[in-house]
Amino acid sequence: MDLVRGQVDRFRQEYGLEALKDDELFESFAAYCVVSQFVEESFPPDQLRTGRGGDLGIDARAILLNHELRTDSADVKEIMADHHGIDAHIVIVQAKRSTHFEGSVFTEIADNLIQIASTAEMTVPCSDDVRDLRISIRSVCDDPRRVRDGRPKVSVWYVTTGMWTGDAYLEAKRLAAAKRLTDTQLFRDVEVKGIGAQDLIRLDQRAASAASARITLTRKVTMPPVPGVKQAFLALLPAQELVNNLLTDDNGNMRRGIFEDNVRDFQQYDNRVNSEIQHTLENEVGRREFAVLNNGVTVVAQRVDSSGDVFDVRDYQIVNGCQTCHVLFDQRAVLDDSVFVSLRLIQSANEEVISRIVQATNQQTAVSEDDLAARTRFHRIIESYFAHQPVERRLYYERRAGMYTARTMTKTRIVTRSQVARAYAAMFIDGMVGVGVYSQLRRSHGDLLFQENHDPLPYYAGAAAYYRLEWLFRNRRLPSTYGPLRFHLLTGIRLALTGSQVPRDTKGLRKACKTIVDVVWNPEAAEDLVKSIIPSVHSAAGNGNISDAAHDKRFGESFQQAVLTGRQ
């Protein structure tokens with residue numbers, strides 16, 4: 001434990017986890033280190049923890065659907081019902097502070113996970129968190145047509161503070177556990193690992209680092225000086241080097257976070273252009289012609305250091321070429337030395353310049369205003385507004401995934417775009433009953449979110465209320481049982497403080513927001529308010545399961561009415 005004590009102590013302070021016991025803190029730390037490999041967006045690490053008794057040896061879990069983190073079954077169900085071709089990944093963590101590994105732990109985790117994932121009735125008592133995990137896994141496995149390759153991937157990580165030496169006995173147990181999980185045919189890919197203190201330190205350091213890569217540019221032209229651009233290059237880069245060095249992380253996965261500034265997500269292969277790129281790569285002549293047939297890739301980096309032809313690129317984004325990159329990554333097995341990609345490498349920290357680069361490099365295809373939303377001025381206004389609040393009320397808007405990763409700050413004060421959008425919708429969009437997941441919120445209410453003429457104060461009020469709720473959960477002032485209802489509780493906060501209707505006039509809305517902000521930044525007042533709303537949860541849910549109620553419209557309507565009745 002001494003080897004990682006410094007990292008764990010820093011983690012406790014950064015994430016405000018003073019209320020956790022040492023073993024609970026280590027579980028959260030281990031979960032953070034493991035899951036951060038697969039998720040670029042910031043997340044509250046203690047939400048992953050299940051080690052509260054009856055956990056069946058599963059101390060933390062994460063469900064990743066299309067590389068986005070889900071921690072409750074209600075969200076998983078909603079996504080599974082609304083999407084196809086879902087990349088599903090289940091991550092399981094067992095964390096022990098002991099300095100040695102026990103072979104029996106691999107066996108127990110495998111046996112318990114099989115029981116949780118199977119359709120058979122559970123034969124041992126388990127916690128609410130484990131039951132929720134079971135519902136999530138079954139939601140994924142019960143509809144293989146919606147899942148890429150028909151089954152989810154599963155990763156099981158056994159973490160201690162010792163050293164993984166891979167001795168014959170432990171290795172045999174690890175491999176046997178992997179085979180046991182594989183033989184169930186529930187999972188398409190099984191990964192079982194033992195992780196010691198040194199590995200944990202490496203994972204923690206990686207989680208705190210911005211994306212970096214080293215590439216060799218032997219065929220390049222240096223561009224003349226451009227205002228706002230420190231340096232820029234045009235180059236031909238071997239496609240294999242683009243994939244292996246810029247696109248692929250240490251685990252062999254696509255670096256999803258490097259596309260946050262790109263105007264479009266990957267459009268899959270129902271997109272004609274992507275199908276044509278794929279067909280080009282499938283034949284020898286097409287591969288040789290690729291560099292002249294394809295528009296290439298534009299990379300904008302905060303830092304570029306070079307020594308001869310070797311370039312170290314740090315904190316970078318691919319702002320154009322998302323479709324090309326994804327197809328090349330998918331087709332990496334057929335890439336050879338004949339395939340080259342046109343590359344623009346630009347070093348700039350000037351947001352206005354980057355915005356112009358994004359718009360200019362995407363004019364070759366029709367790009368809607370919604371596609372360009374990621375670069376709109378309003379998101380930068382929100383970022384600035386949050387960061388310029390008084391220190392005790394300051395939040396940090398993560399406009400781009402991982403933008404605060406390498407900075408020293410209280411991580412609990414980072415709020416993501418998804419969290420801010422959902423909090424704002426829960427509190428200030430009339431008629432909203434259950435926010436659902438962010439992608440669905442954008443589709444259903446996108447025209448009501450992040451508009452240029454909006455006041456940033458309601459977004460800040462929603463984010464501040466969200467922060468306070470997470471503080472209550474983190475410090476055990478509010479049972480984690482109510483976690484799936486966090487956005488209902490946000491609605492309840494606004495209703496309890498300002499009444500049934502969202503004020504439509506600017507003066508009334510700002511007054512309501514200031515009332516909310518003053519209450520939520522007072523810990524005692526916020527705790528009393530939220531606890532006064534909890535009886536309305538039970539009144540609306542009746543004898544039903546709270547987690548299942550999270551996305552039930554009838555529950556939402558009943559809950560809101562109960563809050564208003566209690567206010568009278």
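**Entry 1: a strand and a residue to start from**

A strand, labelled E, is a DSSP run of at least two residues, and strands are numbered from the N terminus. With that in mind I looked up Val297 and found it in strand E9. I note at the outset that I am working with a predicted model.

Is Val297 buried or exposed? I read a relative accessible area of 1% for Val297, and because buried means under 20%, Val297 counts as buried. I then looked for its contacts, leaving aside the neighbours within four places in sequence, and wrote down Leu242, Ile318, Asn320, Gly321, Thr324, Cys325, Val341, Ser342, Leu343 and Arg344. I also checked Cys322, which is 25 residues from Val297 in sequence, while the two C-alpha atoms are 7.7 Å apart in space.

**Entry 2: the sheet around E9**

Strands of a sheet pair through backbone hydrogen bonds, either parallel or antiparallel. I looked up how E9 (residues 297-307) pairs with strand E11 (residues 340-347), and found that the two run parallel and are joined by five bridges. Which residue of E11 is the bridge partner of Val297? I found that Leu343 takes this place, and Leu343 also appears among the contacts of Val297 that I listed above.

Following the pairing outwards, I traced an open sheet of six strands in the order E6-E10-E9-E11-E8-E7, with mixed pairing. The edge strands are E6 and E7 (219-222), each of which pairs on one side only. I noted that neighbouring strands of this sheet are turned by 35 degrees against each other on average, when direction is ignored.

I then looked at what lies against the sheet, and found that helix H11 (residues 322-330) packs on it, touching E9, E10 and E11, with a direction that makes about 115 degrees with that of E10. In helix H12 (residues 351-361) I found that Val353, Ile354, Ser355, Ile357, Val358 and Thr361 are buried. The buried residues of H12 pack against E9, E10 and E11, and also against helix H13 (377-387).

**Entry 3: the edge strand E6**

In a regular strand the side chains alternate between the two faces of the sheet. I looked for this in E6 (residues 212-216), where Ala213 and Ile215 point to one face and are buried, while Ser212, Arg214 and Thr216 point to the other face and are not buried. E6 pairs with strand E10 (residues 310-320) in the antiparallel sense over five bridges, and I found Thr216 standing opposite Val310 in E10.

Just before this strand I looked up Ala208, which lies in the loop between helix H7 (197-207) and E6. Ala208 is partly exposed, with a relative accessible area of 35%. Ala208 and Ser42 are 166 residues apart in sequence, yet their C-alpha atoms are 11 Å apart in space.

**Entry 4: the edge strand E7**

In strand E7 I looked up Val221, which counts as exposed because its relative accessibility is 52%. Together with Met223 and Leu234, Val221 forms a nonpolar patch on the surface, with about 240 Å² of accessible area together.

I also looked up Lys220, which forms a salt bridge with Asp309, the closest N and O atoms being 2.7 Å apart. Lys220 lies in E7 and Asp309 in the loop between E9 and E10, so the pair ties together parts that are 89 residues apart in sequence. I found both partners partly exposed, Lys220 at 28% relative accessible area and Asp309 at 33%.

**Entry 5: further salt bridges**

Side chains of opposite charge can pair when their charged atoms come close. How many salt bridges does a search of the whole structure find? I noted 31 of them.

One of them joins the side chains of Arg188 and Asp87, at 3.7 Å from N to O. Arg188 lies in the loop between helix H6 (168-183) and strand E5 (189-195), and Asp87 in the loop between helix H3 (73-82) and strand E3 (88-95), so the pair ties together parts that are 101 residues apart in sequence. I noted that Arg188 is partly exposed at 27% relative accessible area, whereas Asp87 counts as buried at 12%.

Another salt bridge links Asp305 and Arg303, with the closest N and O atoms 2.7 Å apart. Asp305 is partly exposed at 36%, and Arg303 is partly exposed at 47%. Finally, I found that salt bridges sharing partners join Asp87, Arg148, Asp149 and Arg188 into one network.

Note on methods. Residues numbered from 1 in each chain as written. Predicted model: local features only at pLDDT ≥ 70, side-chain atom pairs only at ≥ 80, totals over all residues. Heavy atoms only, no water. Buried < 20%, exposed > 50% of the residue type's maximum accessible area, 1.4 Å probe, protein only. Helix = DSSP H or I, 4+ residues; strand = E, 2+ residues; numbered from the N terminus. Pairing = 2+ DSSP bridges. Axes fitted to C-alpha atoms, helices over the stretch in contact; angles between N-to-C directions. Contact = heavy atoms within 4.5 Å. Patch = residues over 30% accessible without salt bridge, like charges linked within 9 Å, V, L, I, M, F, W, Y side chains within 5 Å. Areas by Shrake-Rupley, 256 points an atom, 1.4 Å probe, with all protein chains shown as cover. Salt bridge = Lys/Arg side-chain N within 4 Å of Asp/Glu carboxyl O.
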